[in-house]
Amino acid sequence: MENPQKIIEDFFIEKTQDSVAAGFEEILKPIRDKKNNHKHKDQLEKYTKEYDAFESNQWMRKKLDKLVVIFGADERISELLQQAIDLYQNSSDHNELKTNLAAQFKSLKKEVNKSHISEQDKKYFQKIEGDKLQTDKIRKNQRLLERLAVVDDKIASAISGAKETAQEKYQRNTWINDAAQKASEVSVGMTHIAKLTHSSTKASNINATALYKNSSKPLVITVNCSKEIKKDFAYSTAAYAQIAEFLQLIGKEICINPTLLKPYAQDDNQLMDWQEQFSLAFNEKNKSSHILAKQVYFPLTSVTDYHLLAPLISSSLAQVIYNRIWEARRKDTPVNKARADETFSSEIARSFHRTAVLKATQTNHQNVSNLNGKRSGQLILLPAVPPQWQTQTKPPIHLKTIFNKQLANQAKEPLTELKNLLLAIKANKLSVNLQRKQIIRNHLADIAEVVLDYARQVQRLKEYSGWSQESKLPVHQQYWLDPLRPEEEFQTAKTTLDWSSDVIVDFSKWVNRHIKHKQLTLGATHEKQWQKLFLPLLREFNAIAEVDLETNTEEVGA
């Protein structure tokens, strides 16, 4: 482990800086407020604009330096890059420089797009161009206040006050002593957080790794679900978050070796008191449930005896799931970029479909626990639904015809649309013009597609070749659906007889039967129309099927 003393000091330095930054923000708040006409408002806006331009120019210079390394060999691009770099020497005004750099970078982008450099180099340019500036807000506020302090002694005094307040707040002995007294309100090193069930519950949190240190791997428990379980910490109120953070960093070491805090203690008695109080954050004396926690009465052998179980959500496992899913969904990973660009990648792409999100608090997610705050209050739920029923195509041995009600159900939508169209034409006494004929033809084609798709599935049941010998289907449907039946007599008849005409007739009668309506008079005229439209579709289908059949036969022979 890193030097414990350094960890403690780094913690206090970081928190002191954060407190100073918060103090600076409070000083600037009334000056920035649009409702107030503060005397330094115009100056602050001017300084802010100058600082933003300065920071943008610095960021742009870093981009240009990176691009020079890659595109230095290209004469025209190199020339434009050098012109952009020269602007830094020729301009002393940050805002003017920012404007000129933007124009120069625009020309550079055009040149890159039309040049003959590799696609990889173009993508590198796009990446550099798209990199966003990350502003150091603390440094920015400090520089703005320092400039205002030159013209206003009150602001200079407020800056000193913010620094003194932060130093006083994080005076080592005072802060540690206060944290020790509040340690019992904090739970550190936990895997299961009670507040994930209800944000107001006062139930105990649990560290499952302490209960199952030597668990066997076959058990489906939190500690066996991931190689690395990240511990969480929680608190009765978010005001204790920093105490929990401190104990998460160094608390266990302090409980084992309290002398780590000796430089900050008044005497040995205070040191031992700190150790005892901090230990309560890791091992609550009396575990308890709460009225807002979920509870299950689990019966034992005796009718009157039971265990009261309190199901808790594993924040540690929730974090593992959250990290894996969002890592898999990041657009900037090589495998996801390759998939977006439709290029090859040797990496494995992972996808998580149909996930849902359960929010543990709508705001102030860190009030529940540290990891819950990092998840923005999200518990990602994986789908727990029964398997979807998938129809398995089997030879229609027991059917008297494939043109039945079951097939009509599969074609229900186009059959209904055809019926509604015919009803509308009749009700409005419309003529069947070219446009309406085309619509009818489209509906009929959709119906035929359902029929032909089913036929295609049955024909591909090659392992059942010859199934039609026991079939109740009409012989012409047998010729159509069982093309690999091995009997020579069957194959001769299939080749010489015009069985497809009978299939077309079956189709037309089936369509009429399933678009039947009391307001429609459907007869031979309509059947002939359906036959005329179905004929070319069936011919095309049979021709393709015959080619597939010949190909498969050759492959088997080879």
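A search of the whole structure, which is a predicted model, finds 20 aromatic pairs, and these rings make a convenient place to start the tour.

**First stop: Phe11 and Phe246**

Select Phe11 together with Phe246 and display their side chains: the two rings form a tilted aromatic pair, with 5.1 Å from centre to centre and 55° between the planes. Phe11 belongs to helix 1 (residues 4-32) and Phe246 to helix 10 (residues 241-256), so the pair ties together parts of the chain that are 235 residues apart in sequence. Are these two rings buried or exposed? Phe11 is buried, its relative accessible area being 3%, and Phe246 likewise counts as buried, at 1% relative accessibility.

**Second stop: Phe71 and Phe125**

Move next to Phe71 and Phe125, which form an edge-to-face aromatic pair with 6.3 Å from centre to centre and 75° between the planes. This pair, too, links distant parts of the chain, since Phe71 lies in helix 2 (residues 41-71) and Phe125 in helix 5 (residues 119-130), 54 residues apart. Phe71 counts as buried at 2% relative accessibility, and Phe125 is buried with a relative accessible area of 2%.

**Third stop: the ring cluster**

Now return to Phe11 and extend the selection to Phe12, Trp175, Phe246, Tyr264 and Phe278, because ring pairs link these residues, with Phe11, into a cluster. The pair from the first stop, Phe11 with Phe246, can thus be viewed alongside the other members of the cluster.

**Fourth stop: Ala208**

Select Ala208, which lies in helix 9 (residues 208-211) and counts as buried at 7% relative accessibility. With Met190 added to the view, the distance between the two C-alpha atoms is 7.5 Å, while the residues are 18 apart in sequence.

**Fifth stop: two residues with positive phi**

Go on to Arg354, in the loop between helix 13 (334-341) and strand 7 (356-359). Its phi is near 55°, a positive value in a residue other than glycine, and Arg354 is exposed, with a relative accessible area of 61%. Then select Ser376, found in the loop between helix 14 (370-374) and strand 8 (378-381); Ser376 also has a positive phi, of about 55°, although it is not a glycine. What is the relative accessibility of Ser376? The value is 31%, and Ser376 therefore counts as partly exposed.

**Sixth stop: Gln477**

Select Gln477 in helix 18 (residues 475-481), a residue that counts as buried, at 0% relative accessibility. To see its surroundings, add Thr401, Ile402, Phe403 and Asp506, with which Gln477 is in contact when its neighbours within four places in sequence are left aside.

**Last stop: the whole chain**

Finally, zoom out to the protein chain, which has 21 helices and 8 strands. Its radius of gyration is 38 Å, well over the 24 Å that the globule rule gives for 558 residues, so the chain is more spread out than a compact globule. Along its principal axes, the C-alpha trace spans about 105 × 90 × 60 Å. Of the 558 residues, 37% count as buried, and among contacts between residues at least 6 apart in sequence, 66% join residues at least 24 apart. With the surface displayed, the chain exposes about 35000 Å², of which carbon and sulfur atoms supply 51%. Colouring by charge brings up 80 positive and 69 negative side chains, and the centres of the two sets lie 7 Å apart.

Key:
Residues numbered from 1 in each chain as written. Predicted model: local features only at pLDDT ≥ 70, side-chain atom pairs only at ≥ 80, totals over all residues. Heavy atoms only, no water. Helix = DSSP H or I, 4+ residues; strand = E, 2+ residues; numbered from the N terminus. Buried < 20%, exposed > 50% of the residue type's maximum accessible area, 1.4 Å probe, protein only. Contact = heavy atoms within 4.5 Å. Rg over C-alpha atoms; globule rule 2.2 N^0.38 Å. Areas by Shrake-Rupley, 256 points an atom, 1.4 Å probe, with all protein chains shown as cover. Lys, Arg positive; Asp, Glu negative; His and termini not counted. Charge placed at Lys NZ, Arg CZ, Asp CG, Glu CD. Phe/Tyr/Trp six-rings, centres within 6.5 Å; stacked < 30°, edge-to-face > 60°.
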